[in-house]
Amino acid sequence: MYHTIDEFAAAWSYESDATQKCFDHLTDASLGQAVNKDGRTIARLAWHITQTLPDMMKGTGLQVTGPGEHEAPPAHAADIANAYRTASASLLEQVRTGWTDATLAVTDNMYGEQWTRSETLQALIAHQIHHRGQLTVLMRQAGLTVPGVYGPAREEWARMGMEPPAI
């Protein structure tokens, strides 16, 4: 849980940058990639991550700029990446200007439960990490380069002058 806005801002900055790196590697041709015929496509998954920022935070009273819950994903990868960039920046700005450290202890009705705002922020980040992991698998299946998030990706070892770990 976060005890200060600065703690959240540091975590959000890292995690949203990691998500943005993934989104910036998407191509229009990759957007239809799914794990199977019943699974979310890259477009749907990336759009779901983006839509969740304003959707989840409206339960706390914040008005984050971003796509509506029922908007269809754009046809172009750059439009998804740009929408995420806007929503992510809006989220951080809304938290920084609308809340104080004490606000993190306020509870809101979230999905039929009472969550502190600190818990909501933690859930938002965990949700994003979860779906970003799914996204990176689909990116590999689509033949895209996956950027390193918590360490170098396979392609990044060589740029560091190192051998990738044995598989």
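Student: How far apart, N to O, are the side chains of E156 and R159 in their salt bridge?

Tutor: This is a predicted model, in which local features need pLDDT of at least 70, side-chain atom pairs count only at pLDDT 80 or more, and totals for chains, interfaces and linings use all residues. Residues are numbered from 1 along each chain as its sequence is written, and side-chain values use heavy atoms, with hydrogens and water left out. A salt bridge here is a side-chain nitrogen of Lys or Arg within 4 Å of a carboxyl oxygen of Asp or Glu. For E156 and R159, the N to O value is 3.8 Å.

Student: Which helix holds both E156 and R159?

Tutor: Helices are DSSP runs of H or I with at least four residues, numbered from the N terminus. E156 and R159 are three residues apart, about one turn of the helix. Both lie in helix α5.

Student: Which residue of that pair is exposed, E156 or R159?

Tutor: Buried means under 20% relative accessible area, exposed over 50%, and partly exposed in between (1.4 Å probe, protein chains only). E156 has a relative accessible area of 17%, so E156 is buried. At 62%, the exposed residue is R159.

Student: Which residue of helix α5 forms a salt bridge with R140?

Tutor: R140 lies in helix α4, and its partner is 15 residues away in sequence, so the pair ties together two parts of the chain. R140 is partly exposed at 29% relative accessibility, and the partner is partly exposed too, at 24%. The closest N and O atoms are 2.5 Å apart, and the partner is E155.

Student: How many residues apart in the chain are E15 and R132?

Tutor: E15 forms a salt bridge with R132, the closest N and O atoms being 2.7 Å apart. The pair links distant parts of the chain, with E15 in helix α1 (residues 5-24) and R132 in helix α4 (residues 117-141), and the separation is 117 residues.

Student: Are E15 and R132 buried or exposed?

Tutor: The relative accessible area of E15 is 10%, so E15 is buried. R132 has 3% relative accessibility, so R132 also counts as buried.

Student: How many salt bridges are there by this rule?

Tutor: The pairs discussed above include E15 with R132 and R140 with E155. By the rule given, the count of salt bridges comes to nine.

Student: How many of the 17 residues of α2 are buried?

Tutor: Helix α2 covers residues 42-58. The rest of the structure largely encloses α2, because the number of its 17 residues that are buried is 14.

Key: Expected span 1.5 Å × (residues − 1).
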